[in-house]
Amino acid sequence: MRRFGRTLVTAALAVTVVGGTAGWASGESQSAVTGPPPGTAAWRADTAYGPLPDPATATPHEVARFFAGLDDAARSALVRTHPLVVGNLDGAPVPLRYEANRLAVVATGEARYASLAAPDRRILAFDPRGRGQVAEVFGDLEHAAHVSVIVPGSDNDATSHDARRAPHTGPAGMARALRTATETPLTDGSAAGPVAVIAWTGYTTPVGVGLDAADGRLAAAGAPRLARFTAGLDAVGAPDPVLFCHSYGSVVCGLAARHTDAADIVALGSPGMRADTADDLRTGARVWAGRGPSDWIADVPNVTFAGIGHGADPTSAAFGARRVPAADVRGHAGYFSPGTQSLAAFAAIAKGEVR
């Protein structure tokens, strides 16, 4: 009974301290955005080019085959007529998604999204529902030899994706920092193939610290979206990605791991991955974990009780992940700061330098 009481108290504590990058004192419950993109009904009803692949049921490879059978005029017509569907349709050609999402952003007429429509932005996904979701590419995805995907934690959405904040933090800041770090030569003096980095805020994240951050509901809704996104990369011929999973994003990655073809999964500042060991993730990917000495996530109890908490500490020896050096990381959001051991390790993993 005494042990049960300690577990209950620990689980209650997890509710108050588990969370994302902001470290707020409380959080509000979020409704997860799931299902096919907006405009799907009109897409399904369009018969101008024969039966269109159903966004809810067609696999990314089926989508890719469909677009491969269209001429340029038909592709362009679908982009203009159904930008929200094409822009979010995993398996559609990358340039078409960029153009479709530019049109979709402009069509919202919302100032908070306006910067995403700039000519130099490569927006691979955009969904204005709820707080908004977005995926942005840094680098040349079509010709990349290596691809990395940043999966962020709490307090991130399409509006805050690239908001002004401390440098090298937030989804876009982390992606830019990693992309820059991968441009340095390999340690043996040779040049790595080009690396593309994707900032993927493709799920409804928790806001602040509260039950949403302490339980797995939003992660469970986001995991299939991440798995489908990576399948879409495979369908267009992109290399198997490296997933860099920060904070609550590592919970999403843990649940999605067995359903992705990721080459590596890196958990940083993780409250747990809903698994007791790396083997329990049931993935062929190499699993890595790192935590800085001043990261407050270390105060999160690594328990699971009545659905609260995210399980074992991925940086513990018992978990069995490879360790990412992080002794010079400051705080919960400093993992991508230039000059840190962690960023150097991330760049080596992203370039395929580490064997």
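This is a short tour of a predicted model, stop by stop.

**Stop 1: the whole chain**

Start with everything shown as a cartoon. The protein has 11 helices and eight strands. Now colour by burial. Of the 355 residues in the protein, 55% are buried. Next, think about contacts. Take those with a separation of 6 or more: 69% of them join residues 24 or more positions apart. Switch on the surface. The protein exposes about 14500 Å². Carbon and sulfur atoms supply 55% of that area.

**Stop 2: the largest pocket**

Keep the surface on. Which residues lie nearest the centre of the largest pocket? Select Gly35, Asn88, Asp90, Arg225 and Arg228 to find them. The full lining has 20 residues, and the pocket has a volume of about 440 Å³. Now colour strand β1 (123-127) and helix α9. These are the elements that give two or more residues to this lining. The largest share, four residues, comes from α9. Colour the lining by class as well. You should find 10 nonpolar, four polar and six charged residues.

**Stop 3: the largest cavity**

Hide the surface and go inside. How many cavities of 30 Å³ or more are there? The count comes to two. Take the largest cavity to begin with. About 50 Å³ of space lies in it. Select Val33, Arg129, Arg131, Gly132 and Gln133, which are among its lining residues. Then add Asn156, Asp157, Tyr203, Thr204 and Thr205, which also line this cavity. By class, the lining has two nonpolar, five polar and three charged residues.

**Stop 4: the second largest cavity**

Move to the second largest cavity. It holds about 30 Å³ of space. Select Gly91, Ala92, Val94, Arg97, Leu124, Gly232, Leu233 and Val236 to see its lining. Then colour α6 (94-108) and α9 (217-235). Each of these helices supplies at least two residues of the lining. The classes here are five nonpolar, two polar and one charged.

**Stop 5: a residue in α9**

Stay on helix α9 and select Thr230, which lies in it. Is Thr230 buried or exposed? Its relative accessible area is 1%, so Thr230 is buried. The cut-off for buried is under 20%. Now show what Thr230 touches. Leaving out residues up to four places away in sequence, Thr230 touches Pro241, Leu243, Thr260 and Asp261.

**Stop 6: aromatic rings**

Show the side chains of Phe, Tyr and Trp. How many aromatic pairs does a search of the whole structure find? It finds seven. Zoom in on Phe66 and Phe67. Why is this pair edge-to-face? The planes of the two rings stand at 80°, and planes over 60 degrees apart count as edge-to-face. The ring centres are 5.3 Å apart. Both Phe66 and Phe67 are buried.

Next, select Phe244 and Phe336. This aromatic pair is also edge-to-face, with 6.4 Å centre to centre and 70° between the planes. The pair links distant parts of the chain, 92 residues apart. Phe244 sits in strand β5 (residues 242-246). Phe336 is in the loop between β8 (322-323) and α11 (341-350). Both Phe244 and Phe336 are buried.

Finish with Trp200, Tyr203 and Phe229. Ring pairs link these three residues into a cluster. You have met Tyr203 before, in the lining of the largest cavity.

Notes: Residues are numbered from 1 along each chain as its sequence is written. Side-chain values use heavy atoms; hydrogens and water are left out. On a 1 Å grid over the protein atoms alone, a cavity is a set of points where a 1.4 Å probe fits but cannot get out, and a pocket is an open set with protein on both sides within 12 Å along at least five of seven lines; lining residues have an atom within 4 Å of a point. Grid points are joined across faces, edges and corners, and a volume is the space filled by probe spheres set on the points. Ala, Val, Leu, Ile, Met, Phe, Trp, Tyr, Cys and Pro count as nonpolar, Asp, Glu, Lys and Arg as charged, and the others, Gly among them, as polar. Rings of Phe, Tyr and Trp (its six-membered ring) pair if their centres lie within 6.5 Å; planes under 30 degrees apart count as stacked, over 60 as edge-to-face and the rest as tilted. Buried means under 20% relative accessible area, exposed over 50%, partly exposed in between (1.4 Å probe, protein chains only). Contact means heavy atoms within 4.5 Å. Accessible areas come from the Shrake-Rupley method with a 1.4 Å probe; for residues, only the protein chains shown count as cover.
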